[in-house]
Structures are given as C-alpha cells and as structure tokens.
Amino acid sequence: MKEWTVKGRITNKSTVNTFHNNGNKLFNFDLIDTSGEIRCVAFGRILDQFYDLIKIQEVYYVKNGVIRKKNSIFNKLNHDFEILLTKKSENQIVNEKDNSLIKFDFNFIKLNNLSKINKDTMMDFINHMDKFGKKYDNYYKTCSTDIIALINDFKEPTEISASNGETYKKKEIILIDKGLKTVLIFYILSYSPLLKT
C-alpha cells in the first residue's frame, strides 16, 4: 500500500487501558486539522513506542498505519474511520509553530438543552472554578457535543465498588451556566486523570 502522512494537532490523549482477560494494553489520541478530527489507536508494543511521545496541543506528522472503520461504541468523533498504528507507523512532532491548525473544535450547547441530547451521548466540556480560594481549569475532549459552565459546588470524593471488585473514587460536581441552569455530573476519578482530588 502507498505510504501516507497526515498532519494534525493532538486534542485528546487517553490513559493506558488494560484488558483484564489477556493483559493487552491500548491507548488512543485524537488529531484535528482543517478538515476535521480522527482518532489514532495503539496496542501493546506499539503503545510502548508512542505513548510518552504524544503531548496534547502539539502538532505531529503521523505516517502510515491501518485505516479502519471505527467502533462507534468507543469512538464518538464525527469521523467514520480511525487510524490503527502499527510497527510501520511513525509519529514526528512538528517543531515549527503552526497556527493554521485550530486548537479545538467546539459545538457548545446550553445546560437546559441537555434533555434533548440522546441517551449515552458523550460530551465535551470546559469548566472553571474559583471557589474556596482554589482555581481549576479543566478541559476534557471526547466527542462532538460541548458544554461551557462554571462549577457552582462540589462534594468530596467518595469510594464506590465496581462489579469487578475494584474500588474507585467518585466525585460529584454541580455546573451552572449563564442561563442559571444547573446540572449534577460525576466523575469516576480513575478514568479522569486531569481532575485532581
């Protein structure tokens, strides 16, 4: 197959996930350019090769890989395909400053329109909190619907037990937008490394 190269900015990088049945590992990252977004996925030794090299907001050349149909259960980007990285793949950071590539692609909705979103739709959000003398700016990029809101209040993390017997921390947060609509959200902290306890 003919070699190819894409150039894009990293907008999201997952944590390393391990399959309990076989111990295999995977991670993914999302690339954006002027035409849209696509996800790159790496497993096993390919993950070990690329994981530490990938930095959010940096621009990279991604060369070669397998273009495959995405699994929409796990990949919520507005693209029908994804790139599976292989031993022939290359990732190279673009050293020169490139302002032609946008940093993020947003599709904001108001909190009072959340009821119109289909069940199980994943959402992006930006939030800002300045409460009790602490300031946090958190950004999560996973899909094509976005929220921008203030953190109005939060509860201290509590421990919950999963069906697999593992224990995780859950944190509840109340968001409020400029229409004064509030909504309660929660994180399972093991899956949200950008949110500090």
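Of the 197 residues of the protein, 37% count as buried. The model is predicted. Its secondary structure comprises one helix and 14 strands. The accessible surface amounts to about 12,600 Å². Carbon and sulfur atoms account for 52% of that area. Contacts between residues at least 6 apart in sequence were also examined. Of these, 52% join residues at least 24 apart.

Strand β3 spans residues 25–33. The strand is mostly covered, with seven of its nine residues buried. Three pairings involve β3, and each is taken in turn here. Strand β1, residues 5–13, pairs with β3 through four bridges. The sense is antiparallel. Within this pairing, Ile10 has Leu31 of β3 as its bridge partner. Strand β2 covers residues 17–18 and is joined to β3 by two bridges. These two strands also run antiparallel. Here the bridge partner of Asn17 is Leu26 in β3. β2 and β3 form a hairpin with six residues between the strands. Gly23 of this hairpin takes a positive phi near 75 degrees.

The pairing of β3 with β4 is antiparallel and contains eight bridges. β4 covers residues 36–43. Two residues lie between β3 and β4 in their hairpin. Ile32 stands opposite Glu37 of β4.

The largest nonpolar core has 16 residues. Phe27, Phe29, Leu31 and Leu85 touch the most other members. Two or more residues of this core come from each of β3, β4, α1 (44–50) and β5 (59–63). Phe27, Phe29 and Leu31 occupy every second position. In a regular strand the side chains alternate between the two faces of the sheet. Beyond its neighbours within four places in sequence, Leu31 is in contact with Val6, Gly8, Arg9, Ile10, Gly36, Glu37, Ile38, Cys40 and Val62. Ile10 in this list is also the bridge partner of Leu31. A second core is separate and holds eight residues, including Ala149, Ile151, Ile173 and Tyr187.

Backbone geometry was then examined in the loops. Gln57 is not a glycine, yet its phi is positive, at about 85 degrees. This residue lies in the loop between α1 and β5. Its relative accessibility is 23%, so Gln57 counts as partly exposed. Asn64 is another residue other than glycine with a positive phi, near 65 degrees. Asn64 sits in the loop between β5 and β6 (66–69). Asn64 counts as buried because its relative accessibility is 10%, under the 20% cut-off.

Asn75 belongs to the loop between β6 and β7 (81–84). At 2% relative accessibility, Asn75 is therefore classed as buried. Its side chain makes a polar contact of 3.1 Å with the side chain of Glu82. Not counting residues up to four places away in sequence, Asn75 touches Arg39, Lys70 and Glu82. Glu82 thus appears both as a contact of Asn75 and as its polar partner.

How values were computed. Residues are numbered from 1 along each chain as its sequence is written. This is a predicted model: local features need pLDDT of at least 70, side-chain atom pairs count only at pLDDT 80 or more; totals for chains, interfaces and linings use all residues. Side-chain values use heavy atoms; hydrogens and water are left out. A nonpolar core is a set of buried Ala, Val, Leu, Ile, Met, Phe, Trp, Tyr and Cys residues joined through side-chain atoms within 4.5 Å. Buried means under 20% relative accessible area, exposed over 50%, partly exposed in between (1.4 Å probe, protein chains only). Contact means heavy atoms within 4.5 Å. Two strands pair if DSSP finds at least two bridges between them. Accessible areas come from the Shrake-Rupley method with a 1.4 Å probe; for residues, only the protein chains shown count as cover. A polar contact is a pair of N or O atoms within 3.5 Å; within protein, one must be able to donate a hydrogen and the other to accept it, and residues adjacent in sequence count only if both atoms are side-chain atoms.
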